[in-house]
Amino acid sequence: MNPGAQADSLRSFDPELASLIQREHERQSSTIDLIASENHVSHSVRAALGSLLTDKYAEGYPGRRYYSGCGVVDDIETLTVDRAKAVFGSEHANVQPHSGSQANFAVYQALIPPGSTILGMDLSHGGHLTHGAEVSFSGKFFRSMTYGVDRKTHRIDYDHVRALALHHRPSLIIAGASSYPRIIDFSIFGDIAREAGAPLMVDVAHIAGLIAGGVHPSPVPVADVVTGTTQKTLRGPRGGFILSKASHSSKIDSAVFPGSQGGPLMHVIAAKAVCFREALLPSFSEYARSIVENSRIIAQQVMDEGLRVISGGTDNHLVLVDLASLNITGKEAELALERAGIVANRNKIPYDTRSAMVAGGLRVGTAAITTRNFGVDEVVTIAQLICQVLRDPSSESLRARVQSRVREMCERHPIPGAD
Ligand SMILES: Cc1ncc(COP(=O)(O)O)c(C=O)c1O
């Protein structure tokens, strides 16, 4: 059945749900998505996701399944693994993790016993929940130590990371972040891990596409294990993956299945294969370069308008804006922008005293607008509109003006793959 016929069938069987999906389609089409962890996938990724592969149970790995009828899905998973290895140049890849968090859970299970010490980036300095936050399994099952960024430069304080690692001798060192706008020096992390005698895990969930496109250094040569997601800058389906040295492969594989998951989502694995194929094309490097260029344009424009940008700029797909000078919280900024058709999220900034629900910053990402091919002038305009709304968040006339500019721009840039 073609996608049009599939949509017709859903509309006639479940009009209530079909109309909700249609509303979401309209929301995405008519707003500008600046959520740094989101993107818009291609028709091909969407086709694999909507395929009948969702019907197949395939517990185990290619050639070692607990079900019959797995010949075809074996070939699909092998193809996906081979492409992941080709994209990142890794010795081993596991493409079964249902998400980035599941990937991290599996790695901890593979490498360290419960109760051991992990050293990761503090959530409020840009790290992820699964790097040791107390509300997550990572902070509950492990003794979590955290490092952060320098108060002035907002760059990772590598000397502090080294001092903590040598003092606490963690069983695992974790690099990687959810809201850190600068290049992460994985070679320094590699040195620190060696000096401390700990394995190094790097979580590239956010920057996987930038690494694939050659605009951020790769951790693969220095890390024992690399985890990531396919849905962010890599522009694939929601899902996780794990890359590792060959020596860790069997521990990693058994920590994913049967250690922490059941049957793999074969339709998602197929969609990951499409996304890795796309990432191997020369045009993907161009895409990655444009993501960073657009991010730099936004950072510069926001600073030109007198706002403070954390670390004074960006090297990657995201910009973290400090809202203190505007006397507005992240929560208020997020709401005002959404009402005007610009979707970004509140975010803690380093040394923020507000809770994550309120937050003193705004995180802006450029992966999705770059996919929609917004031009340089339009990206400048987006930054200007953001600043206007942040300066006058309760003005109804401004909201209406910005929203109509946003709609005009969105009409010129339909979401690829969403018709
Ligand atoms: C650095 C990092 N790791 C892991 C994850 C978790 O990914 P998921 O939401 O797929 O579980 C995220 C999500 O934003 C992330 O930023």
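The questions and answers below go through a predicted model, from its overall form to single residues.

Q: What makes the radius of gyration of the protein agree with that of a compact globule?
A: A compact globule with 419 residues would have a radius of gyration near 22 Å, and the protein has 22 Å, so the value agrees with the rule. Along its principal axes the C-alpha trace spans about 60 × 60 × 35 Å, and buried residues make up 51% of the 419 residues. The secondary structure comes to 16 helices and 15 strands.

Q: How do you know what share of the contacts in the protein, between residues at least 6 apart in sequence, join residues at least 24 apart?
A: The contacts between residues at least 6 apart in sequence serve as the basis, and 73% of them join residues at least 24 apart.

Q: Into which domains is the protein divided, and how do you know that they touch?
A: The division gives domain 1, residues 52-279, and domain 2, residues 288-412. Two residues count as in contact if their C-beta atoms lie within 7 Å, and 23 residues of domain 1 are in contact with 21 residues of domain 2. On the side of domain 1 that touches domain 2 there are 7 nonpolar, 11 polar and 5 charged residues. The centres of the two domains, taken over C-alpha atoms, are separated by 29 Å.

Q: Why are the buried residues of helix 10 said to be on the same side of the helix?
A: In helix 10, which covers residues 249-256, the buried residues are Ile252, Asp253, Ala255 and Val256. They cover an arc of only 165° around the axis, and therefore they are on the same side of helix 10. In general, an α-helix has 3.6 residues a turn, so residues three or four places apart point the same way. The cover over the buried residues of helix 10 includes strand 2 (60-61), strand 4 (92-94), helix 5 (100-111), strand 9 (225-229) and strand 10 (240-244).

Q: Which residues come nearest to the ligand, and what classes make up the shell around the ligand?
A: Of the 14 residues around the ligand, Ser99, Gly100, Ser101, Ser178 and Ala205 come nearest. The shell has 2 nonpolar, 11 polar and 1 charged residues.

Q: Why is Asp14 called buried or exposed?
A: A residue is exposed if 12 or fewer other C-beta atoms lie within 10 Å of its own; Asp14 has 12 such atoms, and therefore it is exposed. Asp14 is found in the loop between helix 1 (3-13) and helix 2 (15-30). Its C-alpha atom is separated by 37 Å from that of Ala106, and the two residues are 92 residues apart along the chain.

Q: Is Gly71 buried or exposed, and what makes it so?
A: With 10 other C-beta atoms within 10 Å, Gly71 is exposed, because the limit for this class is 12 or fewer. Gly71 lies in helix 4, residues 71-88, and its C-alpha atom is separated by 30 Å from that of Lys232, 161 residues apart along the chain.

Q: Why does Phe374 count as buried?
A: The class begins at 20 or more other C-beta atoms within 10 Å, and Phe374 has 22 C-beta neighbours inside 10 Å, so Phe374 counts as buried. Phe374 has its place in the loop between helix 14 (367-371) and helix 15 (376-391). Leaving aside neighbours within four places in sequence, Phe374 is in contact with Ile369, Val379, Met409 and His413.

How values were computed
Residues are numbered from 1 along each chain as its sequence is written. This is a predicted model: local features need pLDDT of at least 70, side-chain atom pairs count only at pLDDT 80 or more; totals for chains, interfaces and linings use all residues. Helices (H or I, at least four residues) and strands (E, at least two) are DSSP runs, numbered from the N terminus. The arc is that of the directions from the helix axis to the C-beta atoms. A residue is near a molecule or strand if its C-beta atom, placed from the backbone, lies within 6 Å of it. Ala, Val, Leu, Ile, Met, Phe, Trp, Tyr, Cys and Pro count as nonpolar, Asp, Glu, Lys and Arg as charged, and the others, Gly among them, as polar. Domain bounds come from an automatic or database domain assignment. The radius of gyration is taken over C-alpha atoms; the globule rule is 2.2 Å times the number of residues to the power 0.38.
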